[in-house]
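Reader: Hi! I've got a new protein open on my screen and I'd love some help finding my way around. Could we go through it together?
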Amino acid sequence: MWVSVSPTRSPLSASPRGPSRLNARNSPPRAADRVHSTPAYLAPEVILHKGHGFAADWWALGVLCYELVAGYNPFQGISAPATYSNIVQSSAGSMHLPPSFPALLCHIVRGLLETEPSKRLGSVAPDGSGGAAAVKAHPWFSALGVFDFEVRTPRACIPRALLWRLEVP
């Protein structure tokens, strides 16, 4: 089943026939008009056809962080339309987080699941601050050591069986 967010139908509809072929102006869709995704990871602005940018990706990261720790999706409904409804009606400030979530995780999940894209953690502010650097610098990621690695050029891997052929006499 394709889940299609189509401006020509109700924003909360799923279609077994595949994605919509026309947008609201009855013209062929552009890339930003077509959405093919797992419904539970769609940002509210995508579902409501308000236009979207990188902030929608930060939303999906927030859902993923929640799901990895809790073991279930925060917005999952019994159907795609129910899931869309849960997402659209959500609010990061009033979102119920499991008591087992550490404070740092609650902070980053609430930041990434901010319903206003311009206020979402990872969005670039008018002064140029924020963006991916703000997400990487969040204490939850540093506590996990996610970005604690060196970028090095890997050495060539030569199997031992071939080393004798490479030796110079």
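Reader: Let's start with Leu64. Which helix is Leu64 in?

Author: Leu64 sits in helix α2. One thing to keep in mind as we go: this is a predicted model.

Reader: Good to know! Is Leu64 buried, partly exposed or exposed?

Author: Leu64 counts as partly exposed, because its relative accessible area is 35%, and the range between buried and exposed runs from 20% to 50%. Together with Leu68 and Val69, Leu64 makes up a nonpolar patch on the surface. The accessible area of the three together is about 270 Å².

Reader: And which residues of α2 are buried?

Author: Those are Ala55, Ala56, Trp58, Trp59, Gly62, Val63, Cys65 and Tyr66.

Reader: What do the buried residues of α2 pack against?

Author: Five helices: α1 (44-47), α3 (80-88), α4 (103-112), α5 (131-136) and α6 (139-144).

Reader: How many residues does α2 have, and how far does it reach?

Author: Helix α2 covers residues 54-70, which is 17 residues. From first C-alpha to last it reaches 25 Å, close to the expected 24 Å. Right after α2 comes Gly71, with a positive phi near 90°.

Reader: Switching topic: how many salt bridges are there in the whole structure?

Author: A search of the whole structure turns up one. It joins the side chains of Glu45 and Arg120, at 2.8 Å from N to O. The partners come from distant parts of the chain, 75 residues apart: Glu45 is in helix α1, and Arg120 is in the loop between α4 and α5.

Reader: Are those two buried or exposed?

Author: Both are buried, because buried means under 20% relative accessible area, and Glu45 has 4% while Arg120 has 2%. Leaving aside neighbours within four places in sequence, Glu45 is in contact with several residues, including Ala55, Ala56 and Pro117 as well as Arg120.

Reader: What's unusual about His49's phi, given that His49 is not a glycine?

Author: His49 has a positive phi of about 60°. Most residues other than glycine have a negative phi. His49 lies in the loop between α1 and α2, and it is partly exposed, at 33% relative accessibility.

Reader: Last one: what is the mean pLDDT of the protein?

Author: The mean pLDDT is 75, with 63% of the residues reaching 70 or more. Over residues 1-31 the pLDDT is below 50, and that stretch has 61 contacts in the model beyond near neighbours in sequence.

Reader: Thanks, that was really helpful!

Key: Residues are numbered from 1 along each chain as its sequence is written. This is a predicted model: local features need pLDDT of at least 70, side-chain atom pairs count only at pLDDT 80 or more; totals for chains, interfaces and linings use all residues. Side-chain values use heavy atoms; hydrogens and water are left out. Helices (H or I, at least four residues) and strands (E, at least two) are DSSP runs, numbered from the N terminus. The expected span of a helix is 1.5 Å times one less than its number of residues. Buried means under 20% relative accessible area, exposed over 50%, partly exposed in between (1.4 Å probe, protein chains only). Contact means heavy atoms within 4.5 Å. Patches are made of residues with over 30% relative accessible area and no salt bridge: like charges are joined within 9 Å, nonpolar side chains (Val, Leu, Ile, Met, Phe, Trp, Tyr) within 5 Å. Accessible areas come from the Shrake-Rupley method with a 1.4 Å probe; for residues, only the protein chains shown count as cover. A salt bridge is a side-chain nitrogen of Lys or Arg within 4 Å of a carboxyl oxygen of Asp or Glu. pLDDT is the predictor's confidence in each residue, from 0 to 100.
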